[in-house]
Amino acid sequence: MPVPVKVWVRLCVVGRRFSYNQPRFPYATAFLFYPHLIVNLFDLSHKRILVTGSNAGLGFHVAQGLARHGAQVILNGRNIDKLRDAADRLRKEGYPVEEGRFDITSESEVRNAIAELCREKAIDVLINNAGIQRRVRLDEVSLTVWNEVIQANLTGAMIVSREVAKEMISRQEGKIINVCSLMSEFARTTTGPYTAAKGGLKMLTKVMCADWAQFNIQINAIGPGYFITEMTQVLADNPEFDGWVKQRTPARRWGLPFELVGAAVFLSSDASSFVNGQILYVDGGMSAVL
Ligand SMILES: NC(=O)c1ccc[n+]([C@@H]2O[C@H](COP(=O)([O-])OP(=O)(O)OC[C@H]3O[C@@H](n4cnc5c(N)ncnc54)[C@H](OP(=O)(O)O)[C@@H]3O)[C@@H](O)[C@H]2O)c1
């Protein structure tokens with residue numbers, strides 16, 4: 001029976017203190033006490049992962065990729081038909097999928113859904129992926145649209161994380177991954193509410209780390225570049241924008257949804273047990289160049 005990572009880390013720290021002349025001692029203890037960590041740091045077979053906004057788009061592909069890597073995934077979205085279809089697709093592939101229909105911006109829906117989902121089994125990893133985009137220039141934005149975008153991309157992630165974190169804190173273990181964006185760092189015209197929300201989500205990731213890392217919870221973010229999904233189809237269909245993305249991205253192409261899976265596996269697994277408060281950009285290099 002393997003010991004939990006936190007116990008092993010403690011053993012290593014204690015081991016180091018008493019073994020200045022034999023610095024390899026901690027690694028020996030790792031092999032003795034937690035062999036599967038050494039064999040496969042990326043193993044997800046013991047992880048139950050909730051991905052918000054996963055009845056379509058990037059969230060679905062990430063959930064599918066995590067299921068293919070052995071995780072038990074919980075799909076989410078507001079539209080029940082899309083949710084059933086997405087769950088059926090994964091079940092047909094042979095994965096034991098759960099469904100959690102709730103609106104991440106509704107405090108009462110989130111509270112009830114998380115309580116229900118955690119009744120018998122813990123949520124090991126939460127991926128805050130749900131989000132929306134409304135393109136409008138700032139001088140024309142209505143407060144209704146502003147609030148809608150901020151709530152879906154920022155406030156919703158805070159509400160779901162707060163409810164899940166309470167339970168993770170009591171277990172002293174968990175992982176939260178926020179899906180940020182290049183708009184967490186850069187602005188483009190007509191993306192005011194979205195850019196403000198995703199910039200806020202980047203800082204929310206850091207403050208979650210400040211508050212919760214002490215409870216053995218790792219909170220990180222993934223920042224996708226331009227991927228073709230329902231949200232971005234309108235951009236991909238516009239030859240001018242499509243050309244701009246390809247010219248501006250060093251990899252000279254759009255991302256394919258499955259290309260987010262590697263980052264999600266890493267940040268969901270024991271491989272990232274000392275990675276905290278970081279934003280991992282998966283963008284074909286776009287954020288690296290002018
Ligand atoms: N596509 C890209 O290139 C790109 C780039 C950077 C970042 N991102 C980020 O990646 C995430 C996914 O984007 P996407 O392109 O896959 O978008 P998408 O295709 O439009 O899918 C959005 C998902 O979020 C769900 N959702 C929206 N509002 C919700 C709410 N209030 N409560 C629960 N679920 C909600 C939707 O389901 P329902 O409609 O059923 O609720 C859907 O499953 C977003 O956070 C987005 O900002 C995307």
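This is a short tour of a predicted model, from its ligand to its nonpolar core and on to one loop residue.

**Stop 1: the ligand**

Select the ligand and the 30 residues around it. Which of them come nearest? They are Gly53, Gly57, Gly77, Asn79 and Gly131. Now colour three elements: α4 (57-68), β2 (72-77) and α7 (143-171). Each gives two or more residues to the shell around the ligand. The largest share comes from α4, with three residues. Next, colour the shell by residue type. You will find 15 polar residues, eleven nonpolar and four charged.

**Stop 2: the nonpolar core**

Hide the ligand shell and turn to the largest nonpolar core, a set of 61 residues. Select Ile49, Leu66, Val73, Ile127, Ile222 and Ala264, which have the most contacts inside this core. Which element gives the core its largest share? That is α7, with eight residues. In soluble globular proteins, nonpolar side chains tend to be buried together.

Zoom in on Ile127. Leaving out residues up to four places away in sequence, Ile127 touches Ile49, Leu50, Val51, Thr52, Val62, Ile177, Val179 and Ala264.

**Stop 3: Val97**

Select Val97. Look for the loop between α5 (80-92) and β3 (98-101), where Val97 sits. Why does Val97 count as partly exposed? Because 19 other C-beta atoms lie within 10 Å of its own, and a buried residue needs 20 or more.

Now add Ala87, ten residues from Val97 along the chain. The C-alpha atoms of the two are separated by 6.2 Å. Finish by showing the contacts of Val97, again without residues up to four places away in sequence: Ala67, Val73, Leu75, Ala87, Leu90 and Arg91.

Technical notes. Residues are numbered from 1 along each chain as its sequence is written. This is a predicted model: local features need pLDDT of at least 70, side-chain atom pairs count only at pLDDT 80 or more; totals for chains, interfaces and linings use all residues. A residue is near a molecule or strand if its C-beta atom, placed from the backbone, lies within 6 Å of it. Helices (H or I, at least four residues) and strands (E, at least two) are DSSP runs, numbered from the N terminus. Ala, Val, Leu, Ile, Met, Phe, Trp, Tyr, Cys and Pro count as nonpolar, Asp, Glu, Lys and Arg as charged, and the others, Gly among them, as polar. A nonpolar core is a set of buried Ala, Val, Leu, Ile, Met, Phe, Trp, Tyr and Cys residues joined through C-beta atoms within 7 Å. A residue is buried if 20 or more other C-beta atoms lie within 10 Å of its own, exposed if 12 or fewer, and partly exposed in between; C-beta atoms are placed from the backbone. Two residues are in contact if their C-beta atoms, placed from the backbone, lie within 7 Å.
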